[in-house]
Amino acid sequence: MKYYHFFLSLALIACMLSCGKEKDNAAEQSKEIQETEEVDIETILPNTKTFYATMLEDIFCEHYSDIFKGSEYKEGTLSIIKYEFIQEEKEPADSTATESVPLVEVVGSHSYKGTAGYDLSGQKFKAFVKVEGKGYLVRVFRESTQVLSNKSYWEEGSKSVHYEE
């Protein structure tokens, strides 16, 4: 009977030790998957400041008055401050689970002529870029100021632009 308890205890200890190893393996695999996802974002979307500066300059020159009605972009005034790879959480229409969409958030400044003909220089903008088809879908926001309260806010462009190289 003593041997029975001894072997039973030994079996339980072995089982507990093997469960601990499985948890460690699962944590390592999860870490590898996350690292792979981060690498995939950077391989899907370009990783150069020059690319985003050229793309946004082209979009602003061609579509700025469509994106922000009544405003006109001053060509050559775009400057990129930073760009960052992020994940947008999106709910698919046919499922309850969320999926991650890789995005690049680009922050910079630009100048434009407003609706009343006044010039605004060095105004901040944000652009969100994601892959769509053979090109990129770009949503643009610009920082604006309320006239009476002098509070700033982000104004979203009324149109997203599809861009192909």
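At 27% relative accessibility, K74 counts as partly exposed. This residue is a suitable starting point for a report on the structure, which is a predicted model.

**The salt bridge of K74**

K74 forms a salt bridge with D119, and the closest N and O atoms of the two residues are 3.1 Å apart. D119 belongs to strand β4, whereas K74 sits in the loop between β1 (72–73) and β2 (79–90), so the bridge ties together parts that are 45 residues apart in sequence. D119 is, like its partner, partly exposed: the relative accessible area of D119 is 46%, and that of K74 is 27%.

**Salt bridges between β5 and β6**

The count of salt bridges in the model comes to 5. Among them are two further pairs, each with one residue in strand β5 and one in strand β6. In one of these pairs, the side chains of R139 and E156 meet at 3.4 Å, N to O. R139 lies in strand β5 and E156 in strand β6, and the pair links parts of the chain 17 residues apart. In the other, the side chains of R142 and E155 meet at 3.1 Å, N to O. Here R142 is the residue in strand β5 and E155 the residue in strand β6, with their positions 13 residues apart in sequence.

The table sets out the relative accessible area of these four residues.

| Residue | Relative accessible area | Class |
|---|---|---|
| R139 | 28% | partly exposed |
| E156 | 45% | partly exposed |
| R142 | 6% | buried |
| E155 | 24% | partly exposed |

Why is R142 classed as buried? Residues count as buried when their relative accessible area is under 20%, and R142 has a value of 6%. E155, the partner of R142 in the salt bridge, has a relative accessible area of 24% and therefore counts as partly exposed.

**A buried glutamate without a salt bridge**

E57 is placed in helix α2, which covers residues 49–67. Does E57 lie buried or exposed? E57 is buried, yet has no salt bridge. The nearest side chain of opposite charge is that of K74, at a distance of 13 Å. A salt bridge requires the nitrogen and oxygen atoms to be within 4 Å, so the distance of 13 Å excludes such a bridge between E57 and K74. The side chain of E57 does, however, reach the backbone nitrogen of G76 at 2.9 Å. Apart from neighbours within four places in sequence, the residues in contact with E57 are Y73, E75, G76, T77 and L78.

**The largest pocket**

The largest pocket of the model has a volume of about 210 Å³. Its lining is made up of 13 residues, of which Y112, Y118, L120, S144 and T145 are the closest to the centre of the pocket. Which strands each supply at least two residues of this lining? They are β4 (119–132), β5 and β6. The largest share, 3 residues, comes from β5.

**An exposed residue with positive phi**

N150 is found in the loop between β5 (135–145) and β6 (152–156). Its phi is near 60 degrees, which is a positive value in a residue other than glycine. N150 is exposed, with a relative accessible area of 62%. The cut-off for this class is a value over 50%, so N150 falls within it.

Definitions and conventions:
Residues are numbered from 1 along each chain as its sequence is written. This is a predicted model: local features need pLDDT of at least 70, side-chain atom pairs count only at pLDDT 80 or more; totals for chains, interfaces and linings use all residues. Side-chain values use heavy atoms; hydrogens and water are left out. Helices (H or I, at least four residues) and strands (E, at least two) are DSSP runs, numbered from the N terminus. Buried means under 20% relative accessible area, exposed over 50%, partly exposed in between (1.4 Å probe, protein chains only). Lys and Arg count as positive and Asp and Glu as negative; His and the chain ends are not counted. A polar contact is a pair of N or O atoms within 3.5 Å; within protein, one must be able to donate a hydrogen and the other to accept it, and residues adjacent in sequence count only if both atoms are side-chain atoms. Contact means heavy atoms within 4.5 Å. On a 1 Å grid over the protein atoms alone, a cavity is a set of points where a 1.4 Å probe fits but cannot get out, and a pocket is an open set with protein on both sides within 12 Å along at least five of seven lines; lining residues have an atom within 4 Å of a point. Grid points are joined across faces, edges and corners, and a volume is the space filled by probe spheres set on the points.
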